[in-house]
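Student: Please take one part of this model and go through it closely. I want the surroundings as well as the part itself.

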Amino acid sequence: MALTLYVDTARWRAHQKTVVDQFPGIVPVCKGNGYGFGHERLADETGRLGADLLAVGTTYEAAQMKDWFGGDLLVLTPYRVGEEPVPLPDRVVRCVSSVEGVRALVGARVVIEVMSTMRRHGVSPDDLAKLHGAIDDVRLEGFSIHLPLDGVERAIDPVEEVFGWMERLRAARLPLRTMFVSHVSPAQLAQLQQQFPQTRFRARIGTRLWLGEPAALEYRGAVLDVTRVSRGERYGYRQQKAAGDGHLVVVAGGTSHGVGLEAPKAVHGVMPRAKGVARAGLATVNRNLSPFIWAGKQRWFAEPPHMQVSLLFLPSDVAPPAVGDELVAHLRNTTTRSDRVVER
């Protein structure tokens, strides 16, 4: 009995091909939990796509992925002077976001990240003059820019932002053989390539590539037990009283899988804010919606999810599932670790 990620493999891979065709020179990204599939699976998929470079989040992920992917690996987290050393092969490329970092990586393969409107990390325009001497001691693979998400309001158009940096780098007489970009559309990438034909633009893509066809993916949790309860009866770890007659349903999927974990969201508009306030109010009286669906509705947690299972409450007017049935679960792939992945 498991929390299972079902994959319509043909549909999933057809979507991957569409993305690869739209972004020549794509650099697939595999970081965190492997977008719900796991690192080893995405290493296999990247190899099948014929990509020569795979981006990972950290040096620790690179140490794992080197055994599963035979091409080059790009570590997205920038190098920090004094960081814990992790033994890695020469085919690992480090991102660097400071002049000091470049100087510390003598002989290494590096990609230098520039500061975007993300304001997260990167060299500044004032740093460019200092890079001339520093890059002589490294093997420069290119520059990179990490842009805000596409589809959100931006102070600067993404193409204009990259244009601006390309002009700065060119004015500083720095080599512009390759520029790695993120969160651009196919049309924007083509526009950049047309404007700077001597530079190879490579899009780093994770979410769009692996999760861009939601209909191909579905989580389901197996029902482990169903128990009838009467109003006022106590149950669970916290011995709460049942608010009414119904059934307690034990379903595979708990905190160790990421069930109950939700990233904060940026809320805009009156209605979304009102819904957020309503959810918060219900939570104060232990009313929290689970991600599990039964009989066409998202069902309530009977109490906070346990480590490997969740306890749901179904009112008496809803026929309960049988042990062995599976409940669809609306879960975020980037925060969920399933027990198994099943092709279909």
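**A close look at arginine 94**

Tutor: Arginine 94 sits in strand S5, which covers residues 92-96. Keep in mind that this is a predicted model. Arginine 94 has a relative accessible area of 10%. Buried means under 20%, so arginine 94 counts as buried.

What does its side chain meet? The side chain of arginine 94 makes a polar contact with the side chain of glutamate 83, at 2.9 Å. Glutamate 83 also appears among the contacts of arginine 94 once neighbours within four places in sequence are set aside. That list includes Thr59, Val75, Thr77, Pro78 and Tyr79. It also holds Leu105, Arg109, Val110 and Val111.

Now the wider setting. UniProt, in an unreviewed entry, places the feature "domain: Alanine racemase N-terminal" at residues 11-150. This span is 31% helix and 23% strand. Its end C-alpha atoms lie 24 Å apart.

Next, a pocket. The second largest pocket has a volume of about 740 Å³. It is lined by 27 residues, and the closest to its centre are Lys31, Tyr35, His146, His183 and Thr207. Strand S4 (72-79) supplies at least two residues of this lining. Strand S9 (200-205) and helix H8 (207-211) each do so too. By class, the lining has 10 nonpolar, 11 polar and 6 charged residues.

Methods:
Residues are numbered from 1 along each chain as its sequence is written. This is a predicted model: local features need pLDDT of at least 70, side-chain atom pairs count only at pLDDT 80 or more; totals for chains, interfaces and linings use all residues. Side-chain values use heavy atoms; hydrogens and water are left out. UniProt positions are given in the numbering used here, feature names are shortened, and annotations may be inferred rather than shown by experiment. Helices (H or I, at least four residues) and strands (E, at least two) are DSSP runs, numbered from the N terminus. Buried means under 20% relative accessible area, exposed over 50%, partly exposed in between (1.4 Å probe, protein chains only). A polar contact is a pair of N or O atoms within 3.5 Å; within protein, one must be able to donate a hydrogen and the other to accept it, and residues adjacent in sequence count only if both atoms are side-chain atoms. Contact means heavy atoms within 4.5 Å. On a 1 Å grid over the protein atoms alone, a cavity is a set of points where a 1.4 Å probe fits but cannot get out, and a pocket is an open set with protein on both sides within 12 Å along at least five of seven lines; lining residues have an atom within 4 Å of a point. Grid points are joined across faces, edges and corners, and a volume is the space filled by probe spheres set on the points. Ala, Val, Leu, Ile, Met, Phe, Trp, Tyr, Cys and Pro count as nonpolar, Asp, Glu, Lys and Arg as charged, and the others, Gly among them, as polar.
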